[in-house]
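Please take a moment with the sequence and the structure below before reading on. The paragraphs that follow go from an annotated region to a sheet, and then to the nonpolar interior.

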Amino acid sequence: FSWSPLDLSKKYQFNLGNYALIILNRPIVLPPNEMMTLWKEATIRTTVDGGTTRWFDFLKQHNIDVTFPDIVSGDFDSISSSLLNTCEENGVYVEKTPDQNYTDFEKSLYIIKQRCDKKLDSLLVILDVSGRLDHTFSNLNTLHRTRSIFSDYHTKAYLLTSVSLTWILNPGHHTISIPSYIRDEEEWCGILPFTPVKNHITTTGLKWNLDKQTVEFGGLISSSNTYDGSPEVTLTTDAEIIWCMGYRKET
């Protein structure tokens with residue numbers, strides 16, 4: 001598996017192919033120019049329930065002309081009826097998804113798959129981490145479920161915050177391209193367990209590499225790692241794991 005979601009020549013830019021942009025109900029704290037580039041370059045744009053309000057608040061805060069998403073979905077317990085009406089009046093596809101057995105995030109993925117007429121290479125979820133640990137784990141679980149929802153497309157899915165990028169690595173051999181600015185700034189990266197299946201992980205390109213070692217709760221957690229200067233990290237695992245990496249210093 002080859003991964004290169006960050007542009008190797010342009011700082012804080014992304015290389016995602018055809019992608020869906022998904023905004024969840026968290027504050028949008030990406031710099032306005034970067035957020036608008038992601039918005040404009042997306043193949044399809046979805047705001048999920050209260051994420052719709054967050055989007056229009058973001059535009060107003062930064063004095064940016066109103067631009068509507070392609071899809072608004074959710075159980076609509078976190079959005080006003082007037083905003084929903086405004087979206088519908090401006091040609092947005094609006095779908096209420098009341099089923100409480102699934103998160104609004106997960107339900108939005110099925111709608112994207114139904115509504116998008118292009119093959120999607122990537123899903124990019126804008127999600128600055130909340131104070132709710134249960135929400136964090138729920139979003140990671142939905143990230144995992146994207147594999148089955150988009151299984152026929154081999155679509156890659158990423159969680160993006162203002163400072164980090166996270167995705168799940170399946171069993172196998174992975175090569176992750178690391179932009180030079182991230183290596184130069186010695187940004188952090190982490191390898192975290194995801195399933196109860198015991199893993200054995202081998203890496204190259206990290207300051208503290210693993211050699212057929214197990215990453216697990218109650219044992220080793222590879223957090224606050226960084227790079228050895230190599231342009232690529234290689235990682236071989238026999239179980240699903242989480243890869244997360246910083247791409248900008250926290251302020």
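**From the annotated region to the cores**

An unreviewed UniProt entry places the feature "domain: Thiamin pyrophosphokinase thiamin-binding" at residues 172-241. In this model, which is predicted, the chain over residues 172-241 is 7% helix and 36% strand, and the C-alpha atoms at the two ends of that stretch lie 11 Å apart.

Turning to the strands, one finds an open sheet formed by four of them, in the order β1-β9-β13-β11, with mixed pairing. Its edge strands are β1 (2-3) and β11 (202-204), each of which pairs on one side only. For β11, three bridges join this strand to β13 (residues 232-237), and the two run antiparallel; within that pairing, T204 has T234 of β13 as its bridge partner.

The nonpolar interior can be followed next. The largest nonpolar core has 51 residues, and the ones with the most contacts inside it are W55, L124, W243 and M245. This core draws on both domains, taking at least three residues from each of domain 1 (16-162) and domain 2 (165-246). Apart from this core lies another, of 23 residues, which includes L123, L140, L159 and I242.

M245 deserves a separate look. When its neighbours within four places in sequence are left aside, M245 is in contact with L6, V163, S164, L165 and W167, and also with I178, I182, W188, C189 and Y227.

Methods:
Residues are numbered from 1 along each chain as its sequence is written. This is a predicted model: local features need pLDDT of at least 70, side-chain atom pairs count only at pLDDT 80 or more; totals for chains, interfaces and linings use all residues. Side-chain values use heavy atoms; hydrogens and water are left out. UniProt positions are given in the numbering used here, feature names are shortened, and annotations may be inferred rather than shown by experiment. Helices (H or I, at least four residues) and strands (E, at least two) are DSSP runs, numbered from the N terminus. Two strands pair if DSSP finds at least two bridges between them. A nonpolar core is a set of buried Ala, Val, Leu, Ile, Met, Phe, Trp, Tyr and Cys residues joined through side-chain atoms within 4.5 Å. Buried means under 20% relative accessible area, exposed over 50%, partly exposed in between (1.4 Å probe, protein chains only). Domain bounds come from an automatic or database domain assignment. Contact means heavy atoms within 4.5 Å.
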